[in-house]
Structures are given as C-alpha cells and as structure tokens.
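This report describes selected features of one model. The sequence and the structure are shown first, and the description follows.

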Amino acid sequence: MDETLTPGARRAMDRAASRARSRGAAAVEPADLLAALLDEPESRASELVAEYGMAPQDVREALGAARLDEDAIEAAGYGLLDEPAVDSPRSSAIRAVVGEATARARADGRKASVGTEHLLAGLVAEAAFVLEPLRDAGLDLDGLRDALIRDEAEVEPLPPLEGPPLDLSDSTRTVDLARVLDASANRAREGLRVVEDYARFVLDDPGLTRRLKEARHRLADALRGFDPDLLLAARDTREDVGTHIMTHSEQVRENPRAVLAANFKRTGEALRSLEEYGKLVDVWLAGRFEVLRYDVYTLEKLMMTAVHAYRSLADCRLMVLVGGLPTLGDVTWIVGEALAGGADVIQLREKGLPDRELLTRAREVRILTAQAKARFILNDRPDLARLSGADGVHLGQDDVTVRDARRIVGPNLVIGVSTHERAQLDAAIVSGAGYLGVGPVFPSATKDFAEPELAGLAYVRTVAETTNLPWFAIGGVDATNVDRVLEAGASRIAVSAAVVKADRPRAAAAALRAALDAAADGR
Ligand SMILES: Cc1ncc(COP(=O)(O)OP(=O)(O)O)c(N)n1
Ligand SMILES: Cc1ncsc1CCOP(=O)(O)O
Ligand SMILES: [Mg+2]
C-alpha cells in the first residue's frame, strides 16, 4: 500500500487489522476500521463523531464492539504493532475506503498524509452502512456526512492548476486536449446517469441507486480539477467528426440490459480517457479517475449480478426447504406436495448424508423441480449444486465464500447468502450474492438459535428498505405469522417445518402461497 498515513491513522489501521485477525476474518473490513478509529478518543475522527452527537464509549456500545483488548490480542499471538496493518489483507470495501481517504487527503492539500478524519470520510463515502447503527443511537450521521463530504454544490473548486497545460491561448494542442477531456467528461457523466436510471427505475434498488449517485458525485468532484470554462470553450460538437459516425451496434439495443451493459462500457472507456489524457494535466487528478474507473467496474459486477438474480428469481415467492428425511421416496413425495401447493423454489438441505447419496437426492429434486418449472437450490455444497444441475446454491456465514463458490459453480448459477444483520447484508451484496436469506425472523423448529441470535421483524424492515435484490425471510415462518412478515416488507419467504411437518403439506404450502400472492396483488 502506498498511502502515507499520519501516526494516528497508522495506529488505527494496525488496530483494525488486529481486530480482523482476532475475529478470525481473512481481511480487514470497514467495521474493523470504524471500531479501531474510535478506540482512540483523542483522534480527530473520535472528536468529529463526538461533535456530531456520540461519545466514543457510546459508539462502542452501539456497535457492539468492545474496546480492543490489546493484551488479549497479543496473548493470542496477534502483535498489535509488530505486524503493521498495511501488510494485512484488505477487503475490497476497505480498499475503496482507503482510496477515498487518500483522495480526500490529497484534496485537502494534495501532498498531505491520510489522517483519521480522512479515514472516517472514506468510511462515510464508501461504507456508510457501518455507521448506520450509530444513527439510531444518536449520531447525526447526515451532519457528519455534510461536514466530511461536502455536497456537489458546496465543494469549493480545487485551486487553479499550476502551469500552462490547459491555457488555451498557449497552443492548439492544448485546445485539442481540452476537447478530449470535455468529450470524455460528458460521456462519463451521461453513462453513469443511464446506469443510475436502470438501478432506480428498472431494478428499483435503493442501495445500488445510492452507490451510483455517489459515484456520479465523485466524478463531478474530480472533474472540478479541470477548468470548466476552458473545456466549454474548446467544445465544438458541430465540427466533431465522431458525431456523424455511428456503428450498427451503437444504434441497436436488444433490451434494457444491453443498454445497461453498453453504458457501463461507455463510462469505463470515458474514465480511462480522462485518466490517460488527464495525466498530461495533473497526475494526481488522473489517479482520481483511475479510482473511479475501478469503482465503476465493481458497480458493473454488482448490477449485472442483480439483473441475473432478478431474472432467475423475480417471480419466485415461496421457497420450501426439505431434508433430513429417511428415504429418497420421502423426499420425492414431500417435494411433489410442496410444488403442488405452490412452492416455486425447493431447497435441499441435508446435513449428514454421504456425498453420493446427497447427489442422488439432488438429481432427483432437480428433475422434479424442472418438471414443475420451479427452481432448485442446494444448500451448502457448490460442487454438488453444479453436478446436479441445480439453479443455485445457498451459503451461510460459515460456508465457503461467494467468491470461492463462484469458482466452482461458474457464471450461471445463482448464489444465495444467509444474513442476520445489516453488516452481513451489505457484505453479501458487495460479494455478489444473487439472493439473500433474511432471518431468523422467529424461533425455528428446524434450526436452533439462541434468543439473541434472532434477527426479528426489525431486520426484515431494514432489508426491505435497503435492497431490491431477491430476498427470502426465513426462520419459524408459518401460516400464523406470515402476515406480520409480509407487513414488515417481505415479499418472499423460505419455510421448512410449516410445510414439511404439516399434516397436509400441500394445503400448508397453498395457504402460504395464497398469503404471498394476496400481498403481492395489494402492493
Ligand atoms: C434461504 C435460506 N436462508 C438461510 C439459510 C441458512 O443457511 P446457513 O446459515 O448456512 O445454515 P444451514 O441451512 O446451512 O444450516 C438457508 N439454508 N436458506
Ligand atoms: C435453515 C434456517 N436458517 C435460518 S432459519 C432456518 C430454518 C428454517 O426452517 P423453519 O421454517 O422450520 O424455521
Ligand atoms: Mg449452510
């Protein structure tokens, strides 16, 4: 890593790495950094958070993060200061946070090093979800955001560029450069707007829309590094030879997805152009377009995953989990009943079967679901999901990661991820999950949870406000409580006992299906 950290920021990064290691995580995550930043009450980040309504000790309580027990961590073999965090693996989210912090430090004085306030600004800009729990506990998050990340309209223009590169009176070559930059800036702005419209109006997804809007604002911020008057003066659209050249592929778009793909491509290309030609103006400024380009690639992946997931699960509402049954015949019967009652996804969840037997059952369920035009998800096992021709695989927080599962299942299978809290939700979305398990909502007869592990209806409401990726409320859902789950914002449920252990599974599935359909009709 090449960012220059102030001593306070370095200590925070080190503590974040220690926190990540002590909880057994493979990489440092934004939540580690937030807790680490606020471990030191005299840091600028802590002062800022205090200014906006929260004392550091209240923050720790709200985050559920104890003060870092440095002795315990060292005793466990994770030296705090002898293993600097800069060498620790960082998640893509934390890299984005540090990238943003670096850009902000530079914006403050270009050569200034990254301080704790910049890291906090990076978190607010790139991983605001980790601060959300603090809002309920009294933090004026919007005020803090405004203070750290000034709004597009309020951002002061960067100081005028030194030297002559964009002085139009200087030479025709600089006019040409300004024309390139102006055209690329417009392309990037327009491309981002088109993809934002897709997230907003086609996917109806608040989380993706917010991320794209933030990217658009960061683009506007970076473009202030060029003098807008110079770019405008250089614009000569009528004489632009390129405006008359239109290829067939530019004129034809097969469907909205093709519009999306083309505009992501266009945005990436325009950012590359800004970056390359920007180097002739200011290397640091060029770096900001590079960071943005990587962000856009990530967003493209998230959007395309979401589009794929919507397509494969859009109409699915009732997932029934089957498993733990004595014979293949029992599985065949219960799956048939669930499908006849209106289940449109069957998840095979077997915990103790030998692999060969599990694969046989998975193949049987694949055939039955295909006949009923329903989806088939296999729990826990990407390898057998692929071999059985399943539509997807479901992974919990302790199962293999989405990234590793994707290596096994290839590009087409949907990967679902269990989430029990907001941080897991955000991480699952960023990891490329195609759908989400949301729960446990109520105590379950199928899987044991201690009372504090229940995510409850409050979490269902949070998810409903956050994402439009397909998600299934799960855990103890049955005919007696399904209406409360639907009122909390769910439109899909995953159940086991309510169907599998019912006296009349088909009727039980049909009753749940009717409740889901009625709620969908009423929306
Ligand atoms: C739709 C759905 N949501 C959550 C789960 C639970 O997955 P996991 O946490 O991995 O637990 P097990 O099911 O493996 O015991 C699920 N299976 N499906
Ligand atoms: C696997 C799992 N994960 C969270 S709750 C649950 C069990 C769902 O079954 P039931 O509907 O019987 O509670
Ligand atoms: Mg699992």
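## Ligand shells and the strands around them

The residues of the shell around ligand 1 comprise four nonpolar, seven polar and four charged residues. The model discussed here is a predicted one. In total, 15 residues surround ligand 1, and the closest are Gly-396, Ser-418, Gly-437, Ile-474 and Ala-494. Two or more residues of this shell come from each of strand 5 (414–419) and strand 7 (471–474).

Ligand 2 is likewise surrounded by 15 residues, the closest being Ser-444, Thr-446, Gly-475, Ser-496 and Ala-497. The shell around ligand 2 divides into eight nonpolar residues, six polar residues and one charged residue.

**Strands 5, 6 and 7**

Strand 6 (residues 435–438) is covered on both faces. Tyr-435 and Gly-437 are buried on one side, and Leu-436 and Val-438 are buried on the other. In a regular strand, side chains alternate between the two faces of the sheet.

Strand 6 pairs with strand 5 and with strand 7. Strand 5 and strand 6 run parallel and are joined by four bridges; within this pairing, Val-417 has Leu-436 of strand 6 as its bridge partner. Strand 6 and strand 7 also run parallel, joined by three bridges, and here Val-438 has Ala-473 of strand 7 as its bridge partner.

Helices link these strands in two units. Strand 5, helix 20 (residues 422–431) and strand 6 form a right-handed β-α-β unit. A right-handed β-α-β unit is also made by strand 6, helix 21 (residues 456–466) and strand 7. The loop between strand 6 and helix 21 contains Pro-440, which is joined to Gly-439 by a cis peptide bond with omega of about 0°.

**Annotated binding-site positions**

An unreviewed UniProt entry lists Gln-347, Leu-348, Arg-349, Glu-350, Lys-351, Asn-379, Ser-418 and Lys-447 under "binding site". One of these positions, Ser-418, is also among the closest residues to ligand 1.

Is Lys-351 buried or exposed? Lys-351 is exposed, because 10 other C-beta atoms lie within 10 Å, and a residue with 12 or fewer counts as exposed. Lys-351 is placed in the loop between strand 2 (345–348) and helix 17 (355–371).

Asn-379 belongs to strand 3 (residues 375–379). Asn-379 counts as buried because 24 C-beta neighbours lie inside 10 Å, where 20 or more are required. Leaving aside residues up to four places away in sequence, Asn-379 touches Gln-347, Leu-348, Arg-349 and His-394. Among these contacts, Gln-347, Leu-348 and Arg-349 also appear in the UniProt list.

**Positive phi angles outside glycine**

Two aspartates have a positive phi although neither is a glycine. Asp-204 lies between helix 10 (172–202) and helix 11 (206–223), and Asp-380 lies between strand 3 and helix 18 (382–388). Which values of phi belong to Asp-204 and Asp-380? The table gives these values.

| Residue | Phi |
|---|---|
| Asp-204 | about 60° |
| Asp-380 | about 70° |

Asp-204 counts as exposed because it has 12 C-beta neighbours inside 10 Å, and the exposed class takes in 12 or fewer. Asp-380 is partly exposed, with 19 other C-beta atoms within 10 Å; Asp-380 is therefore not in the buried class, which begins at 20.

Conventions. Residues are numbered from 1 along each chain as its sequence is written. Chains are lettered from A and ligands numbered from 1 in the order in which they are written. This is a predicted model: local features need pLDDT of at least 70, side-chain atom pairs count only at pLDDT 80 or more; totals for chains, interfaces and linings use all residues. UniProt positions are given in the numbering used here, feature names are shortened, and annotations may be inferred rather than shown by experiment. Two residues are in contact if their C-beta atoms, placed from the backbone, lie within 7 Å. A residue is near a molecule or strand if its C-beta atom, placed from the backbone, lies within 6 Å of it. Ala, Val, Leu, Ile, Met, Phe, Trp, Tyr, Cys and Pro count as nonpolar, Asp, Glu, Lys and Arg as charged, and the others, Gly among them, as polar. Two strands pair if DSSP finds at least two bridges between them. A crossover is right-handed if, with the strands pointing away from the viewer, the path from the first strand over the helix to the second runs clockwise.
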